[in-house]
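Dear colleague,

I am passing on to you the structure below, together with some notes on what was found in it. Please keep the 3D view open while you read, and look up each part as it comes.

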Amino acid sequence: MEQTETLDRLGDALEAATRRTVAAHKRPRRGIVAAAVAAAVLVPAAAIAGAKLISNDDVASSLPAGTLSLAGTEPTCTAVNSGVEYRCVLAKAPAPEVSDWKGTVEPSVDETKHVNGGCRSLNSAGTTWECYIGQAAGDQQIIGSGFLGEFAPSPGQG
């Protein structure tokens, strides 16, 4: 969502700059027209691509990749707000290291082994989680914003 808003603002700024340049010159140069056309096509395409960077399966894989206690739990995730928020249900309960999982927060780690967000358990058994990707995980106080993007070569323990 944040990427999309940034790209929208960039597109608006490019359009405004193009309008000013065209207005200043009675006969716009071909390069300016080409740049305006390219911006009109590329900015929305980049926004669409940014919004689809993470799938339900990507989020499901990132949950056990972030925490060893969740290894082998076989999560299935569904987008609540695509690219930002996901509801995940585990096929198997997590390791019994925690007696009451409700409210527990854990980082999520992408396939490049970098922290991409985090999840919060919604029930005591630890089988239902709400996961947030990117800055949304920081906004939800699941991870510190400085932890986002950190290298995490193996799932966290304890």
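In this predicted model, five strands form an open sheet whose order is β1-β2-β5-β4-β3, and the pairing between them is antiparallel. At the edges lie β1, which covers 75-81, and β3, which covers 105-109, and each of these two strands pairs on one side only. Going from one strand to the next, you will find a twist that averages 30 degrees.

To see one pairing in detail, please look at strand β2 (residues 85-90) and strand β5 (residues 128-133), which run antiparallel and are joined by five bridges. Within this pair, C88 has W129 in β5 as its bridge partner. Helix α3, made of residues 56-66, packs on the sheet and touches β1, β2, β3, β4 (115-121) and β5, while its direction makes about 120 degrees with that of β3.

Next, please follow the chain into the loop between α3 and β1, which is where S69 is placed. Is S69 buried or exposed? Its relative accessible area is 7%, and because buried means under 20%, S69 counts as buried. As for what surrounds this residue, S69 is in contact with P94, A95, E97 and W101, if its neighbours within four places in sequence are left aside. With one of these residues, E97, the link also involves the side chains, since a polar contact of 2.5 Å joins the side chain of S69 to that of E97.

With best wishes

Methods. Residues numbered from 1 in each chain as written. Predicted model: local features only at pLDDT ≥ 70, side-chain atom pairs only at ≥ 80, totals over all residues. Heavy atoms only, no water. Pairing = 2+ DSSP bridges. Helix = DSSP H or I, 4+ residues; strand = E, 2+ residues; numbered from the N terminus. Axes fitted to C-alpha atoms, helices over the stretch in contact; angles between N-to-C directions. Contact = heavy atoms within 4.5 Å. Buried < 20%, exposed > 50% of the residue type's maximum accessible area, 1.4 Å probe, protein only. Polar contact = N/O pair within 3.5 Å; in protein donor to acceptor, adjacent residues only side chain to side chain.
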